[in-house]
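The following exercises ask for a careful reading of one model, with a worked solution after each task. Please inspect the sequence and the coordinates before turning to the solutions.

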Amino acid sequence: MRILLTTVACERYWSWLARPGVEPITVGQDGGLALSDGTTVDHEDADPEVAWGTSDLYLAGAPLRPFFELVSSCITIRWFQSAGAGFDGPVFARLAGRGVRISNAHANSIPIAEFIMRSVLDHFQRADLWRGAQSENRWSKHDYREVFGSTWLILGLGGIGSAVAERARAFGATTIGCRRRPSASDPTDRTVIPDQLPGVIGLADVVVLALPANPDTARFVDAPFLAAMRPGSILVNVGRGSLVDEAALLTALDRGVPERAVLDVFATEPLPAGHPLWRHPAVVVTPHNAAGGVGRYERQAQLFAENLDRYLSGEALLSDITALVT
Ligand SMILES: NC(=O)c1ccc[n+]([C@@H]2O[C@H](COP(=O)([O-])OP(=O)(O)OC[C@H]3O[C@@H](n4cnc5c(N)ncnc54)[C@H](OP(=O)(O)O)[C@@H]3O)[C@@H](O)[C@H]2O)c1
């Protein structure tokens, strides 16, 4: 059985994955395929049964396109292990339509939660003032807002939302989660369903978007949502660009509420040059990079190694999302 993966992932993690009867087929930076003895293979003769998408595919110069072209077109693939949590990309529906099993990963929740804490602390503490003063050798003090005692509204309480809620609570914040099916084990002070949002949006100093892209979440944050936000509040979107009506957000920012938008994801990615979000003074743009913590590679490999054993022994996969992909 052949496993398709990048050369980078193979070099780092094949020692975790080697099993009798299993061999790697690697995609190099130039998109070429090779077996472990260095023999090159044409795409038509690759015949992988399993494909493992890893986060290194999304770095500059990586063979993202050839990897996913092969995954999309190769009829021998029976299982695809994704690097991320989201499954809104067209490749997922294509694979599910061919009966391919799909599992996702939540290895990114930790760095994303850390990214959110840093973003909020940076804004609350007005770290820009210190950076500006230092650049001018100026000794200048200012008061700043504390996370302690603030209220956070966290939309989506899965891997990311839960990790954020745990950290915000550790800082002494009050947390309100939002999801369709609240659970007694949600790590929040309280959890509401989407219909109850109008009653809580105005309570939040920090609104975090950690929802998946699906038909129900498109433009979740629209003009009425933004109008209900509290003066001085901050909006952080690490979910998907489709969650936010970007034109309505720009209008709201021009009016001053929310006070800041930290956006890691956009309706169009990469964010086009000249887009008004690049230059709005109340917007922080990051290039879909909130998940960039280096620990994610090992967490993805641990999950894949565990799932590989399960696949080979016919057991249920962890994070099997096949039934959710439409
Ligand atoms: N910026 C990045 O680099 C990055 C990295 C990883 C993931 N992401 C994005 O973040 C999303 C969330 O990731 P995750 O790992 O936290 O996913 P997850 O574990 O699947 O959690 C999704 C959460 O959203 C809730 N939800 C889904 N649809 C909803 C709706 N219509 N209304 C209200 N709540 C809804 C779910 O709860 P219920 O089922 O109870 O509603 C669940 O709590 C991913 O789908 C992906 O798009 C971005």
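**Exercise 1. Determine how many salt bridges a search of the whole structure finds, and characterise the pair formed by D309 and R19.**

Solution.
Step 1. The search of the whole structure yields 12 salt bridges, a salt bridge being a side-chain nitrogen of Lys or Arg within 4 Å of a carboxyl oxygen of Asp or Glu.
Step 2. One of them joins D309 to R19, with 2.6 Å between the closest N and O atoms.
Step 3. This pair links distant parts of the chain, 290 residues apart: D309 belongs to helix α10 (residues 295–312), and R19 to the loop between α1 (7–17) and β2 (23–27). Helices (H or I, at least four residues) and strands (E, at least two) are DSSP runs, numbered from the N terminus.
Step 4. D309 has a relative accessibility of 37% and therefore counts as partly exposed, whereas R19, at 19%, counts as buried. Here buried means under 20% relative accessible area, exposed over 50%, and partly exposed in between (1.4 Å probe, protein chains only).

Before proceeding, note the conventions: the model is predicted, local features need pLDDT of at least 70, side-chain atom pairs count only at pLDDT 80 or more, and totals for chains, interfaces and linings use all residues. Residues are numbered from 1 along each chain as its sequence is written, and side-chain values use heavy atoms, with hydrogens and water left out.

**Exercise 2. Describe the salt bridge between R126 and D128, and state what is notable about the phi angle of R126.**

Solution.
Step 1. The side chains of R126 and D128 meet at 2.8 Å, N to O, in a salt bridge.
Step 2. R126 is partly exposed at 34% relative accessibility, and D128 is likewise partly exposed, at 32%.
Step 3. R126 sits in the loop between α4 (109–124) and α5 (127–135).
Step 4. The phi angle of R126 is near 50 degrees, which is a positive value in a residue other than glycine.
Step 5. A positive phi is also found at S319, about 55 degrees, although S319 is not a glycine. S319 lies in the segment after α10 and is partly exposed, with a relative accessible area of 29%.

**Exercise 3. Identify the residues that come nearest to the ligand, and explain why the ligand lies between two domains.**

Solution.
Step 1. The ligand is surrounded by 27 residues, of which H106, L157, R179, R180 and R181 come nearest. A residue is counted as near if one of its heavy atoms lies within 4 Å of the molecule.
Step 2. By class, this shell comprises 11 nonpolar, 10 polar and 6 charged residues. Ala, Val, Leu, Ile, Met, Phe, Trp, Tyr, Cys and Pro count as nonpolar, Asp, Glu, Lys and Arg as charged, and the others, Gly among them, as polar.
Step 3. Domain 1 (2–107 + 294–319) and domain 2 (109–285) both contribute residues to the shell, so the ligand lies between them. The domain bounds come from an automatic or database domain assignment.
Step 4. R179 also forms a salt bridge with D186, the closest N and O atoms being 2.8 Å apart. R179 is partly exposed at 27%, while D186 is buried at 10%.

**Exercise 4. List polar contacts of the ligand with side chains, and state what share of its area the protein buries.**

Solution.
Step 1. An N or O atom in the side chain of R181 is 2.8 Å from an oxygen atom of the ligand.
Step 2. A nitrogen atom of the ligand lies 2.9 Å from a polar side-chain atom of D264.
Step 3. For H288, the distance from a side-chain N or O atom to an oxygen atom of the ligand is 3.3 Å.
Step 4. Taken alone, the ligand exposes 920 Å², and the protein buries 90% of that. Accessible areas come from the Shrake-Rupley method with a 1.4 Å probe; for residues, only the protein chains shown count as cover.
Step 5. A polar contact is a pair of N or O atoms within 3.5 Å; within protein, one must be able to donate a hydrogen and the other to accept it, and residues adjacent in sequence count only if both atoms are side-chain atoms.

**Exercise 5. Locate the cis peptide bonds from V257 to P258 and from E269 to P270.**

Solution.
Step 1. The bond from V257 to P258 is cis, with omega near 0 degrees, and P258 is in the loop between α8 (246–255) and β13 (260–263).
Step 2. The bond from E269 to P270 is cis with omega near -5 degrees, and P270 is in the loop between β13 and α9 (276–279).
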